[in-house]
Structure formats: C-alpha cells, structure tokens
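Here are my notes on the model you passed along. Have it open while you read, since the points go from the overall fold to single residues.

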Amino acid sequence: MKSYFFLFLFALSPFISRAQKLHLILASDYENKDFGMISLKDEEMVSTMFKKISTQIGYHLQTVYVNRKVDGLTEKAVRNAVSDTSIHPNDIVVFYYSGFGTYPDNSTLPSMQLDNPGLFKLEKHSLVSIDEVAAILQTKRLRLGIVMADCRNKMIDRYPTPLPRNTIVKHDRSKEILKKLFLGEPCRILKISSGQKGKPVFTIQRNSVFTYSLTEAFEDMLYAKNLKEVTLNNLLARINKITKSFIPEYAGLSQVPVSCRPAAVKPGVKATR
C-alpha cells in the first residue's frame, strides 16, 4: 500500500513543483557613485511591494537580484535572468531596472546602460533595450509580463505630499483587488518607462520619483471603491497624477502594451505556374 502511495506522490510531484510563480527580476545600478543609494532604495521599495502582491494573489515569489549574481549588472546576467528555465507558462514576470539609460533611434523606450566586463572592451557600457527583454518574455507564454525601466537623469529638491486617499473601508478587500489587477485582465506584456523620450526623468534624495509614485499608486489601488476602477491602466494613470502633483512639468511615463505571445510567422506561399 505504501508503495502505491509513494508512486502517486512521485507522479504528482511535477505538478506540485510547477505551482504558479511571480518572478521579480531586479536589475539595479546601486554601485553608481551619484545615484547608487537611490537605486538600492528603489529596489527595496519594489521588493516590499511585490512580496505583498504575491502573498495576496497566491503566487510563490521568486526574486532574482541581477547585480548580486556572479556576472554582475551585465548584458549576460540580464539575458540569463529573463531566459531562466524556471519561468513557466502562466507565470507572472516583473522586470524592474533602476539606473541610467539611453534611447535608441528606433524606439520610444530606453535601453539599459549595463556594465561591459570584456577583457578587450572598447566601450565602458553595453546596452540592452526594454524591447529585447519583452521579446524574450513573449516566448514564455506568461499570464502577465511587466517590464519597467526607471532611467533617471535629473536630481530635484522638491518633495512629494501624498494625495488624499480613501482609507475608509468596511473590510479588507486587498486580496480581491490584487487578483483583479494581476490576474483579471487579458494576457499581455507591458513595457513601461519612467519618462518620455527626450524629457527629463526626476529623482529626489531618498529615491526615484517614478518608484515613489508607483508604490503610492499601488497603495491607492487597495482602497478602490469598486472593482471597475481596478485596472493596470488606471494604476499607470495614477502614477502620472501623483508625480504631476509636485512636478507639474513631468511629461508622464511611456507605456507600450504588446501581446504576451510572439507574432505567428505566416507560412510562405508557393508560386504555381
């Protein structure tokens, strides 16, 4: 009887081990002499936020700190993290970059400025675009993918005043709200940049403005009056509103939604004579 029981557990083990996960990939340039401590604080804030999210939606959180890997904050390390075989279909992947970036001519979204450790390197940095990260995730058949690049370039001395929040609730609905936010929408991958091409991206002494507004918008969403308000688009709109409340010249974030599946290749048509 025991042997049948163990055989049953053995047959079931692949399904147990493949319970859905929320993969949080953090690539933060916290060794930079000017903005390093800000990137570290950003990383801590985002990590805390997604710990709460994973618990409420019932997904196991798997966090990867790219800068703490053997390869450091490099192109190889980023590609390995998003290509990892532990990412399965219907998982959620959140990729968050905090550091410097540059905009390629052919995209409205930035490329991450990563270390280039090559022995005979000609350039100090190598670049990996947000578009490339999203393209790799498209092959994973995810439930949801979010690729965020917080590329700051301007320090300001203004400090935010939190906007009014509806904190009167009859009972805690955070689990219901977060399941709607992360599991209740059609499959897609969101590419998000903290600013628009050619416009400044702001930071304050303690953390970046985008990350502050992101975490505040997330907390606001937990007090939504009804579930119709709970959408990722509304979350992003709230980020813009919070930022503009103390930086009126902020041009807003950039977002590009794409399919969570790679585009199908159409078969060639043979010409007949």
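The points below cover the fold, the two sheets, the cavities and one cysteine.

1. **What we are looking at.** Keep in mind that this is a predicted model. The protein chain has 273 residues, and 47% of them count as buried. Its secondary structure comes to 7 helices and 11 strands. Among contacts with a separation of 6 or more, 78% are between residues 24 or more positions apart.

2. **The six-stranded sheet.** Reading across, the strand order is β2-β1-β3-β7-β9-β11, in an open sheet with mixed pairing. At the edges are β2 (60-65) and β11 (254-258), and each of them pairs on one side only. If you ignore direction, neighbouring strands here are turned by 10° against each other on average.

3. **The β3/β7 pair.** How many bridges hold β3 and β7 together? There are 8, and the two strands run parallel, with β3 covering residues 92-99. If you want a spot to check the register, S98 has D150 of β7 as its bridge partner.

4. **α7 over that sheet.** Helix α7 lies across β7, β9 and β11. Its direction is at about 5° to that of β9. Keep this helix in mind, as α7 comes back in the cavity points.

5. **The three-stranded sheet.** The other sheet to look at is open too, with the order β4-β5-β6 and antiparallel pairing. β4 (101-102) and β6 (125-129) are at its edges with a single partner strand each, so one side of each has no neighbour in the sheet. On the β6 side, β5 (residues 111-115) pairs over 5 bridges, in the antiparallel sense. On the β4 side, 2 bridges make the antiparallel link to β5.

6. **Register in the small sheet.** Which residue of β5 is worth clicking on to see both pairings? Try S111: T102 stands opposite S111, and S111 in turn stands opposite S129 in β6. A further pair to check is M112, which faces V128 of β6.

7. **Helices on the small sheet.** Helix α3 (residues 75-82) packs on this sheet, where α3 touches β5 and β6, and its direction makes about 120° with that of β5. Helix α4 (residues 130-138) also lies across β5 and β6, in this case running at about 55° to β6.

8. **The largest cavity.** Searching the whole structure turns up 2 cavities of 30 Å³ or more. The largest holds about 120 Å³ of space. What sort of residues line the largest cavity: nonpolar, polar or charged? The lining has 16 nonpolar residues, with no polar and no charged ones. Nearest the centre of this cavity are I146, M148, L214, L232 and L235.

9. **Who builds that lining.** Several elements each supply at least two residues to the lining of the largest cavity: α2 (36-57), β7 (144-151), α5 (174-183), β9 (189-193), α6 (209-221) and α7 (232-246). The helix that gives the most is α7, with 4 residues.

10. **The second cavity.** About 50 Å³ of space lies in the second largest cavity. Its lining is made of R143, L144, L181, F182, L183, G184, E185, P186, R188 and L232. By class, that is 6 nonpolar, 1 polar and 3 charged residues. The largest share, 3 residues, comes from α5. Note L232: this residue appears in the lining here, and L232 is also listed among those nearest the centre of the largest cavity.

11. **C260.** This cysteine is in the segment after β11. Is C260 buried or exposed? Its relative accessible area is 4%, which is under the 20% cut-off, so C260 counts as buried. Setting aside neighbours within four places in sequence, C260 has contacts with Q138, R141, L142, C187, R188 and I189. One of these, R188, also lines the second largest cavity. As for distance along the chain, C260 and L137 are 123 residues apart, yet their C-alpha atoms are separated by 7.6 Å.

Conventions. Residues numbered from 1 in each chain as written. Predicted model: local features only at pLDDT ≥ 70, side-chain atom pairs only at ≥ 80, totals over all residues. Heavy atoms only, no water. Pairing = 2+ DSSP bridges. Contact = heavy atoms within 4.5 Å. Axes fitted to C-alpha atoms, helices over the stretch in contact; angles between N-to-C directions. 1 Å grid on protein atoms, 1.4 Å probe; cavity = no way out; pocket = protein on both sides within 12 Å on 5 of 7 lines; lining within 4 Å. Points joined across faces, edges and corners; volume = space filled by probe spheres on them. Nonpolar A, V, L, I, M, F, W, Y, C, P; charged D, E, K, R; others polar. Buried < 20%, exposed > 50% of the residue type's maximum accessible area, 1.4 Å probe, protein only.
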